[in-house]
Amino acid sequence: MPRNRTARVAVLGSPAQRSATSGSSSTRSSAFRRRVVVGFLVVASLVLLTVSFRSTALDGVQGAGVSVLRPFEIAAHRVAAPFRDATTWTRGLFHAKSENRKLTREVEELRREVAGLAAAREANKYLERLLKYERSPEYPQDYDTVAAQVLTSPTVFDRSVTISAGSNRGIAVQDVVVTADGLVGQVTKVFGNVSRVMLITDPDSAVRAVDERDHSAIGILEPGSSGDTLLLARVGKEKKVLYADTIVTAGSPSGGALPSLFPRNIPIGVVTSVGQNETDIYKQIQVQSFGDRSSMQSVLVLVPKPKPVKHAKK
């Protein structure tokens, strides 16, 4: 009996063994075919890329492929365009709201500042009337302007120009000359129909100037080493003058009997460098003047308006 059982088990087990072997062989064959197909595709791709770069043989095929795929590309672009536009619009909307809030805050700050300045101006006028304060002329309301053509150009040795207006237009010595860019200089000689103007870059020129941002930083404007460069001298080291600050005329210290030739707030130039040494008592401030004085075509001469006559009380 044991022998028959063993034989039967052997006979029953043999088909199972053959089936397992057949399945494993089929799996290996399928995997091998996939590897062959992948390898063939990789080799074909490399061959096509090489031929495409080194030859024009496939240009026609590429053109045909592009033509075939072009409608699908256009369709995809049209389908994606609304979503892209919606994204851009949403982003722009949030940005616009943020900018609107920022601008609203700035407008409120400017309104408060304007209100404060208006109140300060009215208070200043009241104090001037109360103290009978004599102020120096202010630019531009206290001046008439005379337009004149520039007849000559400055040179390295002569930093002055001749203009086509003189005493026939009411111009006098020490009248201030400006352009749309800023301060030019002062009249030094007057003839019948021409005048001579000394530029602020002349070594003999001296202009009292101030930092527009910090009115305590007052100095004397001196010519620089070359061109239209200037130096703001005699500004204390404790003063805060920054790069890109605007420099304007300072006017008279306090009005009075010896007013400055140059009225207040005429633009001069912009600060290009600020330095200081431990051994110096003043800052080293370089200023680039507004405009090119070597190529000026016309200027404006500031002629002071006549002061109103005050009648004595009887």
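Here is a walk through the chain, from its overall layout to its charges and a pair of unusual backbone angles.

Keep in mind as you look that this is a predicted model. The protein chain has 2 helices and 12 strands. Reading from the N terminus, the two α elements come at the start, and the β elements follow in an unbroken run. The chain counts 314 residues, of which 24% are buried. Its accessible surface adds up to about 22,000 Å², and carbon and sulfur atoms own 59% of that. As for how the chain meets itself, take the contacts between residues at least 6 apart in sequence: 58% of them join residues at least 24 apart.

Let's begin with helix H2, which spans residues 59-131. Two patches of charge are worth finding here. One of them is positive and sits on the surface, built from Lys97, Arg101, Lys102 and Arg105. If you want a landmark for the positive patch, try Lys102, which is found in helix H2. Lys102 has a relative accessibility of 40%, so it counts as partly exposed. The other patch is negative, and it gathers Glu99, Glu106, Glu109 and Glu113 on the surface. Glu106 makes a handy landmark for this one, as it too is part of helix H2. With a relative accessible area of 35%, Glu106 falls in the partly exposed class.

Now for the charges that do find a partner. Side chains of opposite charge can pair when their charged atoms come close. How many salt bridges does the structure hold? The count is 3, and we can visit each in turn.

Start with the pair in helix H2, where Arg111 and Glu108 form a salt bridge with their closest N and O atoms 3.5 Å apart. Both partners lie in H2 and are 3 residues apart, which is about one turn of the helix. Is Arg111 buried or exposed? At 54% relative accessibility, Arg111 counts as exposed, while Glu108 is partly exposed with a relative accessible area of 34%.

Next, move on to the strands and look for Asp158 and Arg196, whose side chains meet in a salt bridge at 2.6 Å, N to O. This pair links distant parts of the chain, with the two residues 38 apart. Asp158 sits in the loop between strand S1 (143-149) and strand S2 (160-163), whereas Arg196 belongs to strand S5 (residues 195-199). Asp158 is partly exposed, having a relative accessible area of 31%. Arg196 is also rated partly exposed, at 21% relative accessibility; the buried class is kept for values under 20%.

The remaining bridge joins Asp245 to Arg213, with 3.0 Å between the closest N and O atoms. Asp245 lies in the loop between S8 and strand S9 (246-249), and Arg213 lies in the loop between strand S6 (207-211) and S7, so the pair ties together parts that are 32 residues apart in sequence. The two ends of this bridge fall in separate classes of accessibility. Asp245 has a relative accessibility of 8% and therefore counts as buried, whereas Arg213 is partly exposed, with a relative accessible area of 43%.

Stay with the loop between S8 and S9 for a moment, since the backbone has something to show there. Most residues other than glycine have a negative phi. Arg234, though not a glycine, has a positive phi of about 65°, and this residue is found in the loop between S8 and S9. At 53% relative accessibility, Arg234 counts as exposed. Ala244 is likewise not a glycine, yet its phi is positive at about 75°. Ala244 is found in that loop between S8 and S9 as well, and is partly exposed with a relative accessible area of 43%.

One last stop is Ser226, in the loop between strand S7 (218-223) and strand S8 (229-233). Ser226 is partly exposed, its relative accessible area being 46%. Where does Thr201 lie with respect to Ser226? The two are 25 residues apart along the chain, and their C-alpha atoms are separated by 9.0 Å.

Definitions and conventions
Residues numbered from 1 in each chain as written. Predicted model: local features only at pLDDT ≥ 70, side-chain atom pairs only at ≥ 80, totals over all residues. Heavy atoms only, no water. Patch = residues over 30% accessible without salt bridge, like charges linked within 9 Å, V, L, I, M, F, W, Y side chains within 5 Å. Areas by Shrake-Rupley, 256 points an atom, 1.4 Å probe, with all protein chains shown as cover. Salt bridge = Lys/Arg side-chain N within 4 Å of Asp/Glu carboxyl O. Lys, Arg positive; Asp, Glu negative; His and termini not counted. Charge placed at Lys NZ, Arg CZ, Asp CG, Glu CD. Helix = DSSP H or I, 4+ residues; strand = E, 2+ residues; numbered from the N terminus. Buried < 20%, exposed > 50% of the residue type's maximum accessible area, 1.4 Å probe, protein only. Contact = heavy atoms within 4.5 Å.
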